[in-house]
Amino acid sequence: MKSSYAQLLVHVDPSAQTAGRLQAARALAAPGGATVTALYAATSTQAGMAFAPEAGPEMVRALVEIDEKNLVQARAAFDAAQVSAIAPARWAQVIDTTIVAAFVQQALFADLLVLGQPDPSRGATSYVPGDFVESIVVESGKPALVMPYVGAPATLGRTVVIAWKPTREAARAVAAAMPLLQRAEAVHVVSWEAGEEAVGGDRLDLAGHLKLHGIEASFHRQGVETNDLGELLLSRAFDLQTDLLVMGCYGHSRAREWVLGGVSRTILKSMTLPVLMAH
């Protein structure tokens, strides 16, 4: 029996990438008839810009107008995506300035989140905080499909690579990706050595787990982990002509991961393909 999603939550903001996120969410929702909710969340221009008190109410009105224009722009992208009859979406919007906390609260009721990789070209003018994606994934505990800012691929989930490590985070990512893995034409598992097995005999493993769900995967064991694991993983995904990467996110202390760089940070910074990740 194939798995399916029931509720997808898509992050919507005024950026051009919103359309690609909506398209991806609706494509994922269509096979199982899932509900798609688009949640508008963008940092208020008033909160993100400092101005002198003497600027007066004129400056406040100007900033309010920018926020209203941004909302209208995002709603227009949403309405344009509704033209197709495939998996129509519902609209919601954050009405508080604490957009991360509000988005996390809504994420608790979704099977899968659809978020966007930060666009480095926007810098301080980004519509969300720079750590928006990782904050949502870590604080909500929900799996997320992160779309690259360079644009959505022509296909999604036709050829999937699982970055496997025997951790809670990787196992949760595989479980969350099951509806996609079962529909994929090819599934590859890329792994690095994780030490000796702690259980002998007829033990459980990833190959057997996937087979029980009707998935025949090809395994690629890469040897000992290296410091440039993130770059190597993206390189292998490219070599295998992948259109989806499945991986765990922040397997150890998030603060330590940011200090050391880490695979999660490298992927979120350099990804050019959709990544389904879970914490």
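Here are some notes on helix 8, the loop after it and a few salt bridges in this predicted model.

1. Start with helix 8, which runs over residues 229-239. Its buried residues are Leu229, Gly230, Leu233, Leu234, Arg236 and Ala237. Looking down the helix axis, these buried residues sit within an arc of 160°, so they line one face of helix 8.

2. What packs over that set? The cover on the buried residues of helix 8 includes four strands and a helix: strand 6 (159-164), strand 7 (186-191), strand 8 (217-221), strand 9 (244-248) and helix 10 (262-270).

3. Arg236 deserves a second look, as it is on the buried list for helix 8 and also takes part in a salt bridge. Its partner is aspartate 239, at 3.6 Å from N to O. The two belong to helix 8 and are three residues apart, or about one turn of the helix. In general, an α-helix has 3.6 residues a turn, so residues three or four places apart point the same way. Arg236 is buried, while aspartate 239 is partly exposed at 47% relative accessibility.

4. Right after helix 8 comes a backbone detail worth checking on your screen. Glutamine 241 has a positive phi of about 55°, although it is not a glycine. You'll find glutamine 241 in the loop between helix 8 and strand 9. Is its side of the story buried or exposed? Glutamine 241 is exposed, with a relative accessible area of 68%.

5. How many salt bridges does a search of the whole structure find? The search turns up five, and the pair in helix 8 is one I've already mentioned. Two others follow.

6. Arginine 21 pairs with aspartate 13 in a salt bridge, with 3.1 Å between the closest N and O atoms. Both ends are out of the solvent by the usual cut-off of under 20% relative accessible area for buried: arginine 21 comes in at 3% and aspartate 13 at 6%.

7. The salt bridge between aspartate 79 and arginine 75 also has its closest N and O atoms 3.1 Å apart. These two are four residues apart in helix 3 (residues 56-81), which separates them by about one helical turn. Neither end is buried: aspartate 79 is partly exposed, with a relative accessible area of 38%, and arginine 75 is partly exposed too, at 33%.

Technical notes:
Residues are numbered from 1 along each chain as its sequence is written. This is a predicted model: local features need pLDDT of at least 70, side-chain atom pairs count only at pLDDT 80 or more; totals for chains, interfaces and linings use all residues. Side-chain values use heavy atoms; hydrogens and water are left out. Buried means under 20% relative accessible area, exposed over 50%, partly exposed in between (1.4 Å probe, protein chains only). The arc is that of the directions from the helix axis to the C-beta atoms. Contact means heavy atoms within 4.5 Å. A salt bridge is a side-chain nitrogen of Lys or Arg within 4 Å of a carboxyl oxygen of Asp or Glu.
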